[in-house]
Amino acid sequence: MVKMSLDPVQVMSGKVKELKVSSSSNGDTRGSWEEKEEFDQSQLSPSAKPKPVSLRRRARKVEGGVFFPKPENAVTVAVSSRVLFRTEREQKVFEQKGVEEYLRYQIEHENEPFAPGPAFPFVKALEAVNTRLRELYPQSEELFDIVLVTYNHAHVGIRLINTINYHNLFIERFCMTGGSSPIGYLKAWHTDLYLSADAEKVREALAEGIAAATMFMPEKLTEVSESQLRVAFDGDAVLFSDESERIFKAHGLDKFFEHERENEDTLLDHGPLKGFLEALGKLQKKFYAKGQRLDCPIRTYLVTARSAASSGIRALKTLRAWGLEIDEALFLAGAPKGPMLEKIRPHIYFDDQMFHVEGAAEMGTVAAHVPYGVAQKCNTAQKTSVGK
């Protein structure tokens with residue numbers, strides 16, 4: 001199994017060609033971001049010497065007339081600084097030397113941008129969708145609104161702002177809590193999705209009815225699209241409730257199939273990520289209304305271990321009744337999800353079981369764990385669930 005850090009700030013060893021993100025320092029002291037030598041890690045092999053590439057500060061471009069949507073009108077995605085950027089070195093300083101040394105370190109290095117983290121490609125894709133939406137609907141507030149959420153002290157905000165400007169990200173809303181829980185602020189922002197490295201805070205957000213997931217970064221990354229946002233979801237305990245999963249865990253596969261046949265016309269209850277799929281669908285329909293269904297910059301996927309003929313119809317009927325469209329549905333009947341996700345190349349994949357998250361990461365997919373439902377209580381030795 002691929003090595004994958006439970007703290008998703010682990011250094012990636014692959015490259016994201018289509019994203020063309022620049023390498024940058026992550027806390028070293030070789031100079032400022034304005035002009036310095038850094039190593040392009042995509043050029044490295046185990047025996048190769050690093051090839052230096054010049055990095056210069058990028059001027060941030062904000063088009064005239066761009067306005068900030070009201071949170072209640074936007075699709076608000078809150079991301080932790082620890083998943084948007086790589087901060088593993090700074091985290092070690094905090095853990096080993098304490099908060100005061102950590103703050104001093106951050107201030108001393110505030111002109112050095114953080115490198116991209118696991119959420120970076122996803123955020124760039126959100127911004128690409130916004131560009132298309134603004135072209136079609138210049139005055140609409142129905143956009144993705146990205147909020148950077150961090151436990152950091154406000155002093156660290158300067159380095160974060162510098163990094164955002166360096167990478168030319170359009171993130172103007174910050175929430176720096178100075179060590180306090182951000183959950184109350186997430187509710188005030190009308191957050192549709194919260195991505196964090198802190199599993200406990202993710203569980204806290206889910207308990208408050210906020211769609212949330214813990215992000216992980218594999219050692220390699222599959223190339224992802226720059227122009228189309230691709231989001232993949234598991235079914236049970238992610239889009240749907242864990243009702244059927246409970247039947248499988250308690251009574252086995254035959255009873256699960258029997259339960260699904262008997263309840264084929266009974267809708268599944270909603271799961272924690274249903275609202276986010278709904279928000280994506282709302283934005284998709286804005287493109288459809290302009291005749292751009294075939295060129296829509298948002299594409300969604302259901303990747304489930306359910307069997308199609310034996311248990312898939314209930315899932316599809318539930319989505320239809322909710323008025324939600326999934327662009328592609330893959331019923332794998334218990335087969336590994338990683339190879340399918342490698343072909344899809346999503347910016348993010350959501351699953352409630354760590355076994356599937358690890359399988360996705362092994363194939364280079366950025367995966368996010370949704371700690372919800374009966375699977376969280378089961379023995380971790382049980383490696384798969386064909387009832388999912």
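**Group meeting talk: helices, cores and two unusual loop residues**

Let me start with one residue. Phe257 is buried, with a relative accessible area of 15%. The cut-off for buried is under 20%, so Phe257 falls on the buried side. Keep in mind that this is a predicted model.

Where is Phe257? It is in helix α9. Set aside neighbours within four places in sequence, and Phe257 is in contact with Ser307, Ser310 and Ser311. Look also at Ser244. Ser244 and Phe257 are 13 residues apart along the chain, and their C-alpha atoms are separated by 9.3 Å.

Now take Ser311 from the other side. Ser311 is found in helix α11, residues 308-322. Is Ser311 buried or exposed? It counts as buried, at 2% relative accessibility. Its contacts, leaving out residues up to four places away in sequence, are Phe256, Phe257, Glu260 and Arg306.

Next, the helix pair around Phe257. Helix α8 covers residues 243-251, and helix α9 covers residues 253-262. Their axes come within 7 Å and cross at roughly 145 degrees. The crossing is right-handed. On the α8 side, the contact residues are Glu243, Ser244, Ile247, Phe248 and His251. They meet Leu253, Lys255, Phe256, His259 and Glu260 in α9. By class, this contact has 4 nonpolar, 3 polar and 3 charged residues. Note that Phe256 and Glu260 appear here, and Ser311 touches both Phe256 and Glu260 as well.

Let me step back to the whole protein. It has 13 helices and 14 strands. Buried residues make up 55% of its 388 residues. Take the contacts with a separation of 6 or more. Of these, 77% join residues 24 or more positions apart. The exposed surface is about 17,100 Å², and carbon and sulfur atoms supply 50% of that.

On to the inside. The largest nonpolar core has 77 residues. Which residues have the most contacts inside it? They are Phe276 and Phe350. Phe276 touches Val75, Val77, Phe122, Asp192, Leu193, Val231, Phe233 and Phe350, with residues up to four places away in sequence not counted. There is also a second, separate core of 12 residues. Among them are Tyr301, Leu341, Ile344 and Ala367.

Phe276 leads us to a second helix pair. Helix α4, residues 120-136, packs with helix α10, residues 274-288. The angle is about 35 degrees, and the axes are 10 Å apart. This crossing is left-handed. From α4 come Phe122, Val129, Arg132, Leu133 and Leu136. From α10 come Phe276, Leu283, Lys286 and Phe287. The class count here is 7 nonpolar, no polar and 2 charged residues. Put the two pairs side by side. The α8 contact with α9 includes 3 polar residues, while the α4 contact with α10 has none.

Now helix α5, residues 157-166. Why do we call it largely enclosed by the rest of the structure? Because 8 of its 10 residues are buried. Those are Gly157, Arg159, Leu160, Asn162, Thr163, Ile164, Asn165 and Tyr166.

Helix α5 also serves as cover for a neighbour. In helix α2, residues 88-97, the buried residues include Glu88, Glu90, Gln91 and Val93. What covers the buried residues of α2? The cover includes α1 (81-84), β4 (85-86), α3 (99-108) and α5.

Last topic: backbone angles. Most residues other than glycine have a negative phi. Just after α2, Gly98 takes a positive phi of about 95 degrees. That one is a glycine. Two others are not. Asn168 has a positive phi of about 60 degrees although it is not a glycine. Asn168 comes just after α5, in the loop between α5 and β7 (173-176). With a relative accessible area of 28%, Asn168 is partly exposed.

His190 is the other case. It is not a glycine, yet it has a positive phi of about 55 degrees. His190 is found in the loop between α6 (183-188) and β8 (191-196). At 42% relative accessibility, His190 counts as partly exposed.

To recap. Phe257 in α9 is in contact with Ser311. Phe276 and Phe350 have the most contacts inside the largest nonpolar core. Asn168 and His190 are non-glycine residues with a positive phi.

Notes. Residues are numbered from 1 along each chain as its sequence is written. This is a predicted model: local features need pLDDT of at least 70, side-chain atom pairs count only at pLDDT 80 or more; totals for chains, interfaces and linings use all residues. Side-chain values use heavy atoms; hydrogens and water are left out. Axes are lines fitted to C-alpha atoms, for helices over the stretch in contact, and angles run from 0 to 180 degrees between N-to-C directions. Helices (H or I, at least four residues) and strands (E, at least two) are DSSP runs, numbered from the N terminus. A crossing is left-handed if the near helix is turned anticlockwise from the far one by less than a right angle, and right-handed if clockwise. Contact means heavy atoms within 4.5 Å. Ala, Val, Leu, Ile, Met, Phe, Trp, Tyr, Cys and Pro count as nonpolar, Asp, Glu, Lys and Arg as charged, and the others, Gly among them, as polar. Buried means under 20% relative accessible area, exposed over 50%, partly exposed in between (1.4 Å probe, protein chains only). Accessible areas come from the Shrake-Rupley method with a 1.4 Å probe; for residues, only the protein chains shown count as cover. A nonpolar core is a set of buried Ala, Val, Leu, Ile, Met, Phe, Trp, Tyr and Cys residues joined through side-chain atoms within 4.5 Å.
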